Amino acid sequence: MNRLVSILWPAFVVGGAAEVVFFTVVAPQELYFFGEAVELGPLATYTIGFFLFWCIAAASSAFTVFLQKSAEEINRCPLEPRERPPGCPKAEP
Amino acid sequence: MSDAPVLEERSLYEVHQKIYPRAVHGWFAAWRWALVVATQLVFYGGAWLTWNGRQAVLFDIVHRRFYIFGLVFWPQDVIYLTALLVLSALSLFLFTAVAGRLWCGYACPQTVYTEIFLWVERLVEGDRNAQMRLDESDLSFNKFLRKTVKHSLWIGIALWTGITFVGYVTPIRELLGEIRSLSLGPWEMFWVGFYGFATYGNAGWMREQVCKYLCPYARFQSAMFDRDTMIITYDAGRGEPRGKKKSAGAGDCVDCGICVQVCPTGIDIRKGLQYECIGCAACVDGCDQVMDKLARPRGLIRYSTTNAMEEGWTRREMLRRLLRPRVLVYSGILLGVTLLAGAALYARVPLKVDVIRDRAAIAREVEGGSIENIYRLQIMNTTERARAFTIEVSGLPTIRLAGESTAGIAAATSRVVPVKVRIDPAQAAPGTYPIVFTIRAIGDDAVAVHEKSVFIVR
């Protein structure tokens, strides 16, 4: 949960800023996908654009979070022995 | 960061104890409510004002035009948005330097909506103790009913907030008409739901966690503090050692714990300034009430500065430090940018022109041997009435327009006008020459724009 929030929340803020900057400069009618004019309505384009920016920023955040894992977490199981799920190879006998 | 124990890091969001802030009355609580009412009058009410037969404040992103009362902003006016952001940032710096997190405590939507949602919660579930009892009790009809009513009210407020939010993009009267006739567009429906859900989640469930874990301002606000910033301070010299009213040698703090109970972020201000403190002054009001009952002077917890506390300054001495360089510099820049932006806005010509050279035909010879270049002028009439414009061109001998030299543009729209520009042969050797288009509103010479372009002779 903590990780999910650390990925999604900063990405939301950055995605929102990117959306505003991008669509201030570019009108939705000026967009082309693979040479075809985008035929969605402006609201649809803005919405999809926002989620696209959010996803891109989230991918970056996720990568950061992934690289932030400490040596402790990578080398050993991060869960306390009693917290490990049943069937886990590292679960206590 | 990476050295932090793993378990503690994971518990950041998981082991969250619900905070039940106790209701508080007093000077600062009244101010907070006044700001709740003021900000929400502006937000909920602003969407309903009309101006010139349209919604007064409308961010018409579909037509890429922002209307704010008499002003119409186009994407080309993005500089004013930048100015607005700069002004907001500077105001935040100024307020923070003067009296800490005033924004957080009184005006931030997170605080305002939490305040509204807390009010609903108290209305339905009773005061702090009743809420705690209710949450601990087993499920009963009473509990079910109260929870249902509370969440329904919350969802109602959240939905209305979402509708108002979208109402600034799609005119709110049209939007409500669409809702009534069940013909709401899918994207509008989505954004009403999204914003409504965010309001419900943030004000109903997340509350102080937004401030503690999500807000970037909370992390860097201390950079704007100095020793003369008024912050919410516990007067330890007067309060300590804590003790019962009658015990000998005890300070003024009777350790009643009210300041902790009223705190929306659940901290103990007596431990000193903490980044969780949103500067809402609920503890000031709470403590003042207790001091009144004990017949002791108010202000055991109060707005004060580090210097004032250490030097034992009076209020007047403390306020004199308001005129310190940091505050003066922030105020100066703020005033400068405000005047600059205001002057620019006042002097703004309600006409914009983009000149686009026709790239297909660079220069061609026409009848009589004249040389012709073709341009497309995008003329934007940013007023709210139709206007006609004259087009002139200058910069070369014998330069002239061939064909139409006037253009009518409807209110708040733009139109692309193709124009042919010619010069006599032998007026210029092959090359590129700067020319100027002058577009002038007929009947108002003050509304004129000069746009540069080039004329090419081959």
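At 1% relative accessibility, B:E372 falls below the 20% cut-off and so counts as buried. In this predicted model, the side chain of B:E372 meets that of B:R364 in a salt bridge, with 2.7 Å from N to O. The partner sits in another setting: B:R364 has a relative accessible area of 41%, which makes it partly exposed. Here, then, a buried acid is paired with a partly exposed base.

A second bridge brings together the side chains of B:D292 and B:R298, again at 2.7 Å from N to O. B:D292 has a relative accessible area of 39% and is therefore partly exposed. B:R298, on the other hand, comes out at 52%, so it goes down as exposed. The cut-off for that label is over 50%.

What about the rest of the charged pairs? Over all chains, the structure holds 27 salt bridges. One of them joins B:K147 to B:E125, whose closest N and O atoms are 3.0 Å apart. B:K147 belongs to helix α7 (residues 141-167) of chain B and B:E125 to helix α5 (residues 109-125) of chain B, so this pair ties together parts that are 22 residues apart in sequence. Both B:K147 and B:E125 are buried. The two also take part in a wider arrangement, since a network of salt bridges links B:K18, B:E121, B:E125, B:D135, B:K147, B:K150 and B:R207. As background, side chains of opposite charge can pair when their charged atoms come close.

Strand β16 (residues 444-457) of chain B is worth a look next, and B:S453 is one of its residues. B:S453 has 12% relative accessibility, so it counts as buried. Leaving aside residues up to four places away in sequence, B:S453 touches B:V355, B:R357, B:Y375, B:Y433, B:P434, B:I435 and B:F437.

B:V457 is found in strand β16 of chain B too. With a relative accessible area of 5%, B:V457 is buried. Its contacts, with residues up to four places away in sequence again set aside, are B:I371, B:I423, B:A428, B:A429, B:P430, B:G431 and B:Y433. B:Y433 thus turns up among the contacts of B:S453 and among those of B:V457. As for spacing, the C-alpha atoms of B:V457 and B:A426 are separated by 10.0 Å, and the two residues lie 31 places apart along the chain.

Now to the surface. A nonpolar patch there is made up of A:V20, B:V78, B:L81, B:L84 and B:L85, which together have about 420 Å² of accessible area. Helix α3 (residues 78-99) of chain B supplies the largest share of this patch, at 4 residues. B:V78 is found in that helix, and its 35% relative accessibility means that it counts as partly exposed. Chain A has a part in the patch through A:V20.

Finally, the enclosed spaces. The count comes to 2 cavities of 30 Å³ or more. Within the largest cavity lies about 110 Å³ of space. Its lining consists of 14 residues, and those nearest the centre are B:C263, B:I267, B:C277, B:C280 and B:C283.

How values were computed. Residues numbered from 1 in each chain as written. Chains lettered and ligands numbered in written order. Predicted model: local features only at pLDDT ≥ 70, side-chain atom pairs only at ≥ 80, totals over all residues. Heavy atoms only, no water. Patch = residues over 30% accessible without salt bridge, like charges linked within 9 Å, V, L, I, M, F, W, Y side chains within 5 Å. Areas by Shrake-Rupley, 256 points an atom, 1.4 Å probe, with all protein chains shown as cover. Salt bridge = Lys/Arg side-chain N within 4 Å of Asp/Glu carboxyl O. Helix = DSSP H or I, 4+ residues; strand = E, 2+ residues; numbered from the N terminus. Buried < 20%, exposed > 50% of the residue type's maximum accessible area, 1.4 Å probe, protein only. Contact = heavy atoms within 4.5 Å. 1 Å grid on protein atoms, 1.4 Å probe; cavity = no way out; pocket = protein on both sides within 12 Å on 5 of 7 lines; lining within 4 Å. Points joined across faces, edges and corners; volume = space filled by probe spheres on them.
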